[in-house]
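Work through the exercises below with the sequence and the structure side by side, and try each task before reading its solution.

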Amino acid sequence: MKKIRVDRHFFNTFATVAILVIAMCVALLYVFNFLLKNQTQSRKDYLLGQSQITANAVSMEMEVFKRDLYFFSSQYQYEEPHGSLVESGILNLISKHAGYIKSVTVFVNGEARRFQVDESGTVSDIYMNIAAPVFPEQEILFESNRQKLYLSWSGSGIVFDLDLHTYLSNVPSNFIDLTSGFSLLLKPGGGGVVDLDLNTTIADNVLLHEKTFAEVQDLREAGLSDVFEGIIEKNRENEDVLIAFYPIEIFDESYGLALGVTKSNVIEAVVNGFLIIGGGIFLFTGLILFVILRYVKSLKDSREQMDKNRKELEDLVNQQKLLFEYSSDFTYRHDLKFNFSYISENVLKVLGYTPEEFANPKYRRFTENPINKEKDEAFNRILQGISESENFFVEMRNRKDEPVILEMKEKPYFNQKGTFAGVIGIAKDVTDRFMSDQKFKILFEYSSDPHLIFTQSKGILDCNEAAVKALGAESKEQLYGKLPHEFSPEMQPDNRNSKYKGQEVVQQVLDNGKYVFDWTHKKLNGEEFPVEVTLTTVLLNQEKVILAVWHDLTERKRVEKVLIEGRQRAESLARSKQQFLSGMSHEIRTPLNAVIGYTDFLLDENPREDQKEKLEALKFSADNLLSLVQDILDHSVVESGKLEFSSEPFSLKTNIVRVAQMMKQKAEVKGVELTYEFDKKLPEEVIGDPNRLRQILINIIGNAVKFTDEGSVKIKSYVISENETHHEIGFEVEDTGIGIPKDRQEVVFNTFEQGDLNILNKYGGTGLGLAITKKLVELQGGTIAVESEQGKGSIFTVEITFRKSETKIERHSQPEIDTKVEKPQTNGGDFSGASALVVEDNPINQKIAERFLKSRGASVTIASNGKEALDVVSSKNYDFVLMDIQMPEMDGYEATKAIRKIDDPYFQKLPIICLTADAFSEVRDRVLEAGMTDYVTKPISKEKFFKVLGKYYNRK
C-alpha cells in the first residue's frame, strides 16, 4: 500500500508539472500575441496622429509663406526690384522663412543681384552677371520639380530658390521619433517621390501593409495619383511596413505625407517587453514548481499528521470560541456627534446591553468617578490632531446598575475626503485589575519595607509610612518632590557621587524595567543606613513611574563584617602559619646543612669501618629529618591551594630512569632488586609537569623500597588509551614488602595516617607522603589506587592524562634503557681556576660552601653580609656569587638588586646563585624577581650544588 501511494504521489506531481508547463506555454503565446496586437495598433494610431499633426504643421507653414509672398508682391510690384523697399522686404522674407529659402535672385535690366543664406543663417548680397530666366505670365508660379518660386512685374522678376527637402525632413522630427522609422513625401501626377527617409531606402525596404490599401484609396480620391499603388506593387515581396498617409497642399499642389515603421521594429519592441514578462513568468513558474516539490516532499508527513492536526485545530477553534465567549473586550465606531455606526456583540457580555441598546445614549450611563473627565479631553486631543491614539479609563454602569471600569483605546478614522470623521475604539473590562490595584495600595501602605514612587522629573510622588519612618520624617509632605539620592550621603561606599550614580541606576531601570543594587541612605538627622534597593517601572495613570522598594541591610552588613573579620583572621593565621613554617624550615635546614655537610666531609676522608658505620647512620638520620621537613612543607603548599603545575614537553622514559637511579643506592643497601620496564607504545614525549611526576614517583617508589626488606621493586609504565590530543598513561609500582592490611588500605592516603600502627615505631615517617601524592595526582585529573596483601607486598597504580607533543626528542638525548638500574655516577665537575664569592652570615655554612668549592679547585672569597659583598664584588672578576637571603645589615635581595644596578655589563650577566634554607615557591619566585640567576636549597646536596654551578661556569 505504501508503494502504491508513493506512485500515485509521483503521477500526481508529474501531471501537475506537465499541466503547469502547458499552461505556461499557452500563457506565453497569448501574452506574445496580445503584446504584438496591442503594440501594432498603438504604433499605427501613433503614426496616424503624428502624420496629421506633421501635415497640418507643414500646410500651415506653407500657407503663411504663400500669404507673405502675396503681401510682398502686392506691396512692391510698383517699385523697382532693386529698390531699397524691395530689398528690405526680401530680407524680411528670408529671416522669417530661413528654414527653406536658400537664396533670392533679383533680375533687373540684365543685372542679377543674389541674396544667399549660408548654413549659419547669414545673408550675403552678391551682384552677378547671369541671364535672366523667362518669367511666367502669372505673378506667382511654383515649380515643384526644381523647387523654385517666380515673381515678375514690369519685365523684371525675382526667383526664390527653395530647399523643401531639408525643411520637410526636419519637420517630422519635431513631432515624432523616427530613429526606428521613416517619412516620405509622395507627389502625385507622375512627378516621382521626394524621399525624406532618415534611416532606410524606400525602394529596398518599404512594403505597404495590405490593411493600408483602403487608406491609399481614400488618398487617391482626395486628388493623389496612382503613384501610391505603384509603390505597393513594387515592394510587395519586401518587409511588411506600418504606414500612415495624410494629404498636404503646397502652393496649390497635392502631396501625400507618409510616416512609417517596419514591422520588425514593432516585433523587436514586443520581444523586449515579452522577455521581461516571460522572465517574470518563468521565475514565478519556477517558484511554483519549487513550492510544489516542497509540498510533495512533505505530503507524506502531512498525511500522517492530518488527523492529529485536525484534532489540534478543533481544540484550537474550541479554545478561540471559549476565549471569545469569556473575552472582556468590545469594539465600536462613532462619528463626531457620538452616533455609533458599529458596536460588537461582546458589549452584551461586558455591560449587559445589546449593540442597539448601547447605541442609545440613555444606556451609556457614566458614574461620578473623576476618571471619566479624561474621556472628553482624550477625544478633543484626537479631534484637534494633537494625538494619533489615546488610552484612558472610564467607569460606567451596566444593566444591573453595577460600576464597571473600562480601559479605552481610541484612534481617529477619516472619510473619503480625508477629513476627520470620528473614532474607532476598543473597550476592555479592567474592573478586576483595578481591584488588584486597590490591593496593591493596601500592600504599599502597610508593608514593613519602605516603598516610594517617583519620576526623574517630578521627584517622589508618593510613599508609604515605612519610608517616612526609615528617613526619620514627620510626614510624607517632607519627602514629596525630592529624588531618593537627596536622602543620601554625598559619596557612596564605592566612592561614587550619589547624585550621578543615582542618575545611572534610574537610566538602568528605564532601559531594563527592573534593577537591584545596594545603596546607603541618610535620615533627616544625618544617620546613615544601608539598604538593598529594587527599582521597577510601573504605569500609574498612564504615566511611567518608578517604584522603589528598600530592604534594610543593617543586619546583613553586620554579618558580612563579622565574616570579613573572620576571613581576615583566617588569612592572618595562614600568614602566621606560613611565616612559622618558613622560619621552621630555615631554622631546621640551617643546622641540617652543617650536619649533612660535615658528615659528607668525614665520609670523604676514608674513616675506619666503625666510624663509617656511625657516620652513615648519622647521615641517614639527617636525611630522614630533611624528608620530614620537606613533607610538612609540601603538605602546607598543597593545603594552601597555591600549588601550580607547569606545562612543558618532556620524556617519560628519561624521568622514570632518573627516579629509579635516585632510589638505586637505597635499594642496594637493603639488598632489594630495583627494575623497570616500558610499554612499546609509550610515547617518546608528552606535555605536562615533569617535576610533579618525579615527586609522585619518588614518593611511591621510595615507600616501596622503604617497606621492602627482601625481594624486588618493579616499576612499569604503559599506555591505557589515547585520542587525537591526549595520552592516558599508567604507572605501576609493585613490591614484595610488608603489605597493607585490608582495613587500612583506604586510610593510607589520609594525612598523618600509616598502614599499621607499628610502622611508625619500626620505619618512622610522617604519614604525609601518600597524602601529598594523592593530591598531586588528583589536581592533574588523575587517579591513584592500591592493591595489597599483608605480608606479600603491594601494587600502587597511578593513571594520569598528558597532552600529546608535536615535537620529537632527539634519540641521542634519551637515556640508555635497561630493565636494571645502574648506580648513579658522582658529579666530577672540575672548577679549577674558578673564582667564587660566598655571601653568608653563618660561619658553619661559610665553611661548608668553601670546602665544597675548594674540593673542586675553585678559589673562595667570604663576605658576611650584603653590604660587605658590595664592597668586595667590584674588587675582582668573580665567576659566580653564592648569595644567602637572611643576613644582617643588608639581606640577599637588596644586595642582588644593588649589584644589578652597577653600570657595567659584567654585573648584569654575573651569575648570582641563591643559597636559601626556605623551600617555599613564593621565596623562589621572589629570588628570581630580585635578579638572582638560580637557587640551591639547604641542606646543600653536593651533586645538585655542582650541577647548578656547572650550568653557569665556563672553564677558561
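**Exercise 1.** In which hand of crossing, left-handed or right-handed, does α21 pass α22? Describe also how the two helices are arranged and which residues meet.

*Solution.* Bear in mind throughout that this is a predicted model. Begin with the two quantities that the description needs, because two packed helices are described by the angle between their axes and the distance between the axes. Helix α21, which covers residues 866-873, packs against helix α22, residues 892-900, at an angle of about 25°, and their axes are 9 Å apart. Since angles under 35 degrees count as roughly parallel, α21 is roughly parallel to α22. The crossing in which α21 passes α22 is right-handed. On the side of α21 the contact is made by Gly866, Leu870 and Val873, while α22 brings Ala895, Ala898 and Ile899. Sorted by class, this contact of α21 with α22 has five nonpolar residues, one polar residue and no charged residues.

**Exercise 2.** Describe the packing of α20 with α25 by the same steps.

*Solution.* Helix α20 (residues 843-855) and helix α25 (residues 942-952) pack at an angle of about 65°, and the distance between their axes is 12 Å. Because the range from 65 to 115 degrees counts as roughly perpendicular, α20 and α25 are roughly perpendicular to each other. The crossing of α20 past α25 is right-handed. The residues that make the contact are Phe852, Leu853 and Ser855 of α20, together with Lys942, Phe945, Phe946 and Leu949 of α25. By class, the contact of α20 with α25 has five nonpolar residues, one polar and one charged.

**Exercise 3.** At what angle do α16 and α17 pack, and how many charged residues has their contact?

*Solution.* The axes of α16 and α17 are 10 Å apart, and the packing angle is about 25°. That angle makes α16 roughly parallel to α17, and α16 passes α17 in a right-handed crossing. Among the residues of α16 in this contact are Leu652, Ile656, Val659 and Lys666, and among those of α17 are Pro690, Leu693, Arg694 and Ile701. Counted by class, the contact of α16 with α17 has twelve nonpolar, two polar and four charged residues.

**Exercise 4.** Which residues have the most contacts inside the largest nonpolar core, and which elements give two or more residues to this core?

*Solution.* The largest nonpolar core has 40 residues, and those with the most contacts inside it are Leu652, Leu674, Ile701, Phe731, Val798 and Phe802. The elements that give two or more residues to this core include the helices α16, α17 and α19 and the strands β23, β25, β26, β27 and β28. A second core, separate from this one, has 34 residues, including Val58, Ile90, Val117 and Leu162. To look at one member of the largest core, take valine 798: leaving out residues up to four places away in sequence, valine 798 touches Ile696, Ile700, Ile729, Gly730, Phe731, Val777, Thr783 and Ile784.

**Exercise 5.** Compare the surroundings of threonine 725 and histidine 726.

*Solution.* Start with where each residue sits: threonine 725 lies in the loop between β25 and β26, and histidine 726 is found in strand β26. Threonine 725 is partly exposed, with a relative accessible area of 43%, and histidine 726 is partly exposed at 29%. Next, list the contacts without the neighbours up to four places away in sequence. Threonine 725 is in contact with Phe802, Arg803 and Lys804, whereas histidine 726 touches Ser721, Thr801, Phe802, Arg803 and Lys804. Finally, threonine 725 and glutamate 806 are 81 residues apart in sequence, yet 9.8 Å apart from C-alpha to C-alpha.

**Exercise 6.** Where do phenylalanine 338 and asparagine 495 lie, and what is notable about their phi values?

*Solution.* Recall that most residues other than glycine have a negative phi. Phenylalanine 338 has a positive phi, near 60°, and its place is in the loop between β12 and β13. Asparagine 495 likewise has a positive phi, of about 65°, and lies in the loop between α12 and α13. Phenylalanine 338 is partly exposed, with a relative accessible area of 35%, while asparagine 495, at 63%, counts as exposed.

Notes
Residues are numbered from 1 along each chain as its sequence is written. This is a predicted model: local features need pLDDT of at least 70, side-chain atom pairs count only at pLDDT 80 or more; totals for chains, interfaces and linings use all residues. Side-chain values use heavy atoms; hydrogens and water are left out. Axes are lines fitted to C-alpha atoms, for helices over the stretch in contact, and angles run from 0 to 180 degrees between N-to-C directions. Helices (H or I, at least four residues) and strands (E, at least two) are DSSP runs, numbered from the N terminus. Angles under 35 degrees count as roughly parallel, over 145 as roughly antiparallel, 65 to 115 as roughly perpendicular and the rest as oblique. A crossing is left-handed if the near helix is turned anticlockwise from the far one by less than a right angle, and right-handed if clockwise. Contact means heavy atoms within 4.5 Å. Ala, Val, Leu, Ile, Met, Phe, Trp, Tyr, Cys and Pro count as nonpolar, Asp, Glu, Lys and Arg as charged, and the others, Gly among them, as polar. Buried means under 20% relative accessible area, exposed over 50%, partly exposed in between (1.4 Å probe, protein chains only). A nonpolar core is a set of buried Ala, Val, Leu, Ile, Met, Phe, Trp, Tyr and Cys residues joined through side-chain atoms within 4.5 Å.
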